[in-house]
Amino acid sequence: MEKVRDLVREGKRVAKEDPRRVVHSFKVGLVLSLVSSFYYYQPLYDSFGVNAMWAVMTVVVVFEFSVGATLGKGLNRVAATLFAGALGIGAHHLASLSGSTGEPILLAIFVFIQAALSTFVRFFPRVKARYDYSLLIFILTFALISVSGFREEQVLVLTHKRISTVIIGGLSCVLISIFVCPVWAGQDLHSLLASNVEKLSFFLLEFGDKYCETVKDGDTKEVDKRKNDFDNYKSVLNSKSNEESLANFAKWEPGHGQFRFRHPWKQYLIIGGLIRQCAYRIDALNSYLNADIQVSIDIRKKLEEPLRRMSLESGKAMKEMSVSLTKMIKPSSSDLHVRNAQSACKSLTSLLHSGILKEVESQELISLLTAISLLIDIINLTENILESLHELASAARFKDKIESPIFAEKPNSKSIVCGWATKGQDDHVVTIVNDDCCNGNTSEKGNRSNKVLIHEKHEDCVHEKHEDDDAHVHSSCDSCGHTSLRVIVECR
């Protein structure tokens, strides 16, 4: 009874982990029920006979979780069956010309040659990646048709029935897979990369505080959640095989949604490789948090500001890239965060050259410099990931990020200002495009366009006020993400 309860709990866990698994199970049952009618329905059985079981076998073998995997297997099986069937008929015809004595000998030679050659070709890396299953079916089908044809007089009828049932079974799988709650391998790969980048961002956003010991204990649940997010990067270390299989399946899929035909799936593998390299550095960097040899708190305090900025800015860049991938928009502020991280890196280098570490013991010095070196590598890899993401955004035609208009209330007039925030090289400009309180006297004021310049300095914003004869415009920045601005306009 205990084992039954364990199985039920495990079933609930698997279903909750990915509800699409439950849907896929029903889809497989539906297709099997449909193709089984070839065996149950007498007119269909009269047409195909025992060969109707090939349709059932095809469904069991071909139907995979994603559309790409199903389509790839289905096309491979159908193509291999057609090709092997044609060669099998040809081999049977040639062998029959040698008479009853030489026929079995020639058939055995043909089977040996094709099996040996096909098996050797399966070792080719590119062939094994995409066509391994088709070669396996080719060997099986050729052997069955050529061998069974020796005892079967109507070899053409036998081949026709087997090929027909295989095509019917494969086509049923593909149609159900595409049109009934489809699971796209390309979408899964896209989401996997976005999730992996986000996991790295969690670590980098928290690392500066943890290394400098500035994290304060709070609610137990919140602390546990932050610890889980902090350690989530470890799942990225072993994601290579999953990414490669998803990319392989995605190449078989037709265009769908924002994933057009000939989508640049290879670029996803390049980005995934860079993300894993970054995760390896992060894993090594994480070991210095609990190392036996720790740098004194005084030294950490002296280096705290640039270290925290390096980690925080690279984490923000990763977070922005994750959002960009998720929404399929071009990354906007990630370049700025990477530059800020590199600027902090230069500040840290200058601080180290100032002789601040003269009194540090050699073992502590090695530990500190290794951690700093790893963090610098992570910043460089963050820049490489961003460059690859820009290439992907260009090749996949990601949308440009459209800034939403800013609405602000005008005191003393109960009216609204509508503006757009745009980013320049070194500042952010809020352009007021509609001023309701000035609409009442257009002859005096005309169509005005006020601009507010907001200059950045690290994480804070220094504001510059522009003033004319009619209105005073004040601005403030709530965040460095430049997504939240308040514009207050006073009209006289």
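Mentor: A residue counts as exposed when its relative accessible area is over 50%, and as buried when that area is under 20%. The model discussed here is predicted.

Trainee: Why is arginine 397 called exposed?

Mentor: The relative accessible area of arginine 397 is 59%, which is over 50%, so the residue is exposed. Arginine 397 is placed in the loop between helix H15 (362–395) and strand E1 (406–410).

Trainee: What is notable about the phi of arginine 397?

Mentor: Phi of arginine 397 is near 60 degrees, a positive value in a residue other than glycine. Most residues other than glycine have a negative phi. Arginine 262 also has a positive phi, of about 60 degrees, although it is not a glycine.

Trainee: Where does arginine 262 lie, and is arginine 262 buried or exposed?

Mentor: Arginine 262 is in the loop between H11 and H12. With a relative accessibility of 72%, over the 50% cut-off, arginine 262 counts as exposed.

Trainee: What makes cysteine 173 and cysteine 278 buried or exposed?

Mentor: Cysteine 173 has 0% relative accessibility, which is under 20%, so cysteine 173 is buried. The relative accessible area of cysteine 278 is 0%, so cysteine 278 is buried too.

Trainee: How many disulfides does the structure hold?

Mentor: Zero. The conclusion is that no pair of cysteine sulfur atoms lies within 2.5 Å.

Trainee: How many aromatic pairs are there, and why is the pair of phenylalanine 203 and tyrosine 233 classed as it is?

Mentor: There are eight aromatic pairs. In one of them, the rings of phenylalanine 203 and tyrosine 233 are 5.3 Å apart centre to centre, with 70 degrees between the planes. The distance is within 6.5 Å, so the rings pair, and the angle is over 60 degrees, so the pair is edge-to-face. This pair links distant parts of the chain, 30 residues apart: phenylalanine 203 is in helix H9 (residues 185–211), and tyrosine 233 is in the loop between helix H10 (220–231) and helix H11 (240–250). Both phenylalanine 203 and tyrosine 233 are buried.

Trainee: What makes the pair of tryptophan 265 and tyrosine 268 stacked, tilted or edge-to-face?

Mentor: The ring centres of tryptophan 265 and tyrosine 268 are 5.2 Å apart and their planes are at 35 degrees. That angle is neither under 30 degrees nor over 60, so the pair is tilted. Tryptophan 265 and tyrosine 268 are three residues apart in helix H12 (residues 265–287), so about one helical turn separates them. Tryptophan 265 is buried because its relative accessible area, 7%, is under 20%. Tyrosine 268, at 0%, is buried by the cut-off of 20%.

Trainee: How do you know that the charge of arginine 130 sits over the ring of tryptophan 252?

Mentor: The charged end of arginine 130 is 4.5 Å from the ring centre of tryptophan 252, and the distance limit is 6 Å. Lysine 73 lies over the face of tyrosine 133, at 5.0 Å from the ring centre.

Trainee: Why are H2 and H4 called roughly parallel, antiparallel or oblique?

Mentor: Helix H2 (residues 20–40) and helix H4 (residues 53–62) pack at about 165 degrees, with their axes 8 Å apart. An angle over 145 degrees counts as roughly antiparallel, so H2 and H4 are roughly antiparallel. H2 passes H4 in a left-handed crossing.

Trainee: What makes H4 oblique to H8?

Mentor: H4 and helix H8 (residues 155–179) pack at about 40 degrees, with axes 8 Å apart. Angles under 35 degrees count as roughly parallel and 65 to 115 as roughly perpendicular, so an angle of about 40 degrees makes H4 oblique to H8. The crossing of H4 and H8 is right-handed.

How values were computed: Residues numbered from 1 in each chain as written. Predicted model: local features only at pLDDT ≥ 70, side-chain atom pairs only at ≥ 80, totals over all residues. Heavy atoms only, no water. Buried < 20%, exposed > 50% of the residue type's maximum accessible area, 1.4 Å probe, protein only. Phe/Tyr/Trp six-rings, centres within 6.5 Å; stacked < 30°, edge-to-face > 60°. Helix = DSSP H or I, 4+ residues; strand = E, 2+ residues; numbered from the N terminus. Lys NZ or Arg CZ within 6 Å of the ring centre and 35° of its normal. Axes fitted to C-alpha atoms, helices over the stretch in contact; angles between N-to-C directions. Left-handed = near helix turned anticlockwise from the far one by under 90°.
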